Every structure is written in structure tokens, then in C-alpha cells.
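Work through the exercises below with the sequence and the structure side by side. Each task is followed by a solution that goes step by step.

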Amino acid sequence: MPSPGSEKSSNGPRFRIFIIDSGGNSVAHKVLEENFELVRDLQKDDPIYVLSREQSIEFIRQHQDRIGREPLIAVHDLAAMSESGTTDFHGFRLHLGLMHTPQQALLALQNFARFLNTHRQSVDLEAEIRADLRREGLAGAIEVVLHHEAREIGG
Amino acid sequence: MPERWSDYLTILMSALALGYLVYEIDRRRRKLHDVFDVLDADDARITARLEDMVASGALQPYAGARAN
């Protein structure tokens, strides 16, 4: 959660949210389809742009490094873009297509929606994202150590 | 200096265990960044393309029904 001093007042959309999904990853595609309204309901203040299947295929064709990673959700931070354009931090993205089970995809989508909602008023979004990634990394490290210990204890 | 071969084996196994932990933590960190990360200068071209689609009217805000 952002600290009380790190928020600024809401004044119009903070983000533009883009969904690029050619339907190639059927598991993540289905989870996104089924939970799209949930994301929409959580983000009523920010416009969501959904590329059609044809637009998504054309987009992926032009950005082939994203093949196998979509559905892709890109969130443009309008506050950051108004300050420094796209030369530096200007948003964040989720490669939902890297999730291979419905449970993984749903968890990733829910965490992403929660993250969007929580950080909507953030003044220093980049710092908060990087702090979250560090926290997740630390949690992962602890999990690795604990699993290692558990394996040793379990023989 | 260790005097018994079992001491060497212990040191070797400890080093391998530590190496594995470092490798696994780094692998998970990379995977996390693959799934979720910030948009920066490396993504500028993609961002510009999406913003152009909005500016040109090729994309309209979602208003109640999925486009696909």
C-alpha cells in the first residue's frame, strides 16, 4: 500500500490500459474472457482499449518478441508520459500468456488488477513497482530456501 | 586446511547447495520480470504504436462488449 504522503488527488484517468490478445494461448485467453468484467469494474476510472483479434495479430506480427507471451496487458502511466514521454519509465505490463494453467493465469490477473487499483494514486509509481518486484523476489528466495529445508527435513 | 576427504566433500556439497540456491533465486527473478515488469525505453516503440492507434481513432475505449 502506498504511504499516505505518497498519494495525489484523482483528476481524470491516470492510466490507459491496452489488451492485446490474438487468442493464441487458449488457457490465458479464456481466463481473461471470463474475468474481464472484474478488471473493468475495478478500473472504471481508466479507459481500457481492447485490440480486436485482427489488430492483435497484426500487432504481434510487428513485435515478434511478444509471440507466445500474449494475452498482453500494457498499462500506460499518463502522469509519467506527460513528464518524460516514453524515454524512461512510463507504465508496466503483464504477459498473461506465460501462465500455463487457469489457476496461474487467474492469480496473475487478480494480482495485476489489485496492483492497478492500489497504486492508482501513486506519486512515484516506478519506485513502488520496483519495491514490489524486490519484495516478490525476496519472497521467492525465502520460498526456495524453505522448500530446500522442507526437502531436507522430509528426507 | 581440511584434513579428511569427508571435509572436502562437505565443503563441495555446501558450495553446490549454495550455487543451486543462487541459481534458483535468479531463475525465479527472471521469470517474475518476464511476466510482470515496467515499461521503459525498450518498450517505447510498442507504446508509441498503441498511442498512435488511440490518436488515430483505430482504438476506442471499451464500452461494454469485448471486441473479440
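**Exercise 1: the two domains of chain A**

Task: find how many residues of domain 1 of chain A are in contact with domain 2 of chain A, and how they divide by type.

Solution. Six is the count to look for on one side: 6 residues of domain 1 of chain A are in contact with 5 residues of domain 2 of chain A, two residues being in contact if their C-beta atoms, placed from the backbone, lie within 7 Å. The side of domain 1 of chain A that touches domain 2 of chain A divides into 3 nonpolar, 2 polar and 1 charged, where Ala, Val, Leu, Ile, Met, Phe, Trp, Tyr, Cys and Pro count as nonpolar, Asp, Glu, Lys and Arg as charged, and the others, Gly among them, as polar. The bounds, 12–122 for domain 1 and 124–155 for domain 2 of chain A, come from an automatic or database domain assignment. This is a predicted model, in which local features need pLDDT of at least 70 and side-chain atom pairs count only at pLDDT 80 or more, while totals for chains, interfaces and linings use all residues. Residues are numbered from 1 along each chain as its sequence is written, and chains are lettered from A and ligands numbered from 1 in the order in which they are written.

**Exercise 2: a covered strand**

Task: describe how β3(A) is covered, and which strands pair with β3(A).

Solution. Begin with the order of elements in chain A, which from the N terminus on is β-α-β-α-β-α-β-α-α; helices (H or I, at least four residues) and strands (E, at least two) are DSSP runs, numbered from the N terminus. Strand β3 of chain A spans residues 72–77, and 6 of its 6 residues are buried, that is, 20 or more other C-beta atoms lie within 10 Å of their own, with C-beta atoms placed from the backbone (exposed would be 12 or fewer, partly exposed in between). In a regular strand the side chains alternate between the two faces of the sheet. Accordingly, look at both faces of β3(A): Leu72(A), Ala74(A) and His76(A) are buried on one side, and Ile73(A), Val75(A) and Asp77(A) on the other.

Next, take the partners, given that two strands pair if DSSP finds at least two bridges between them. Strand β1 (residues 15–20) of chain A pairs with β3(A) in the antiparallel sense over 6 bridges, with Phe15(A) opposite Asp77(A). β4(A) is also antiparallel to β3(A), joined by 5 bridges, and His76(A) stands opposite Gly91(A).

**Exercise 3: from chain A to chain B**

Task: follow β4(A) to chain B, and state which element of chain B gives the most to the side that touches chain A.

Solution. Strand β4 (residues 91–95) of chain A pairs with β1(B) in the antiparallel sense over 4 bridges, and Gly91(A) stands opposite Leu39(B). Overall, 26 residues of chain B are in contact with 37 residues of chain A. α1(B) gives the most to this side of chain B, with 8 residues, and the side as a whole divides into 17 nonpolar, 2 polar and 7 charged.

**Exercise 4: confidence**

Task: decide which element of chain A has the lowest mean pLDDT.

Solution. Chain A averages a pLDDT (the predictor's confidence in each residue, from 0 to 100) of 80, and 82% of the residues score at least 70. Helix α5 (residues 125–154) of chain A has the lowest mean among the elements of the chain, 68, whereas strand β2 (residues 48–50) of chain A has the highest, 94. Over residues 151–155 of chain A the pLDDT stays under 50, and the model has 0 contacts beyond four places in sequence for them. Where pLDDT is low, the predicted coordinates should not be read in detail.
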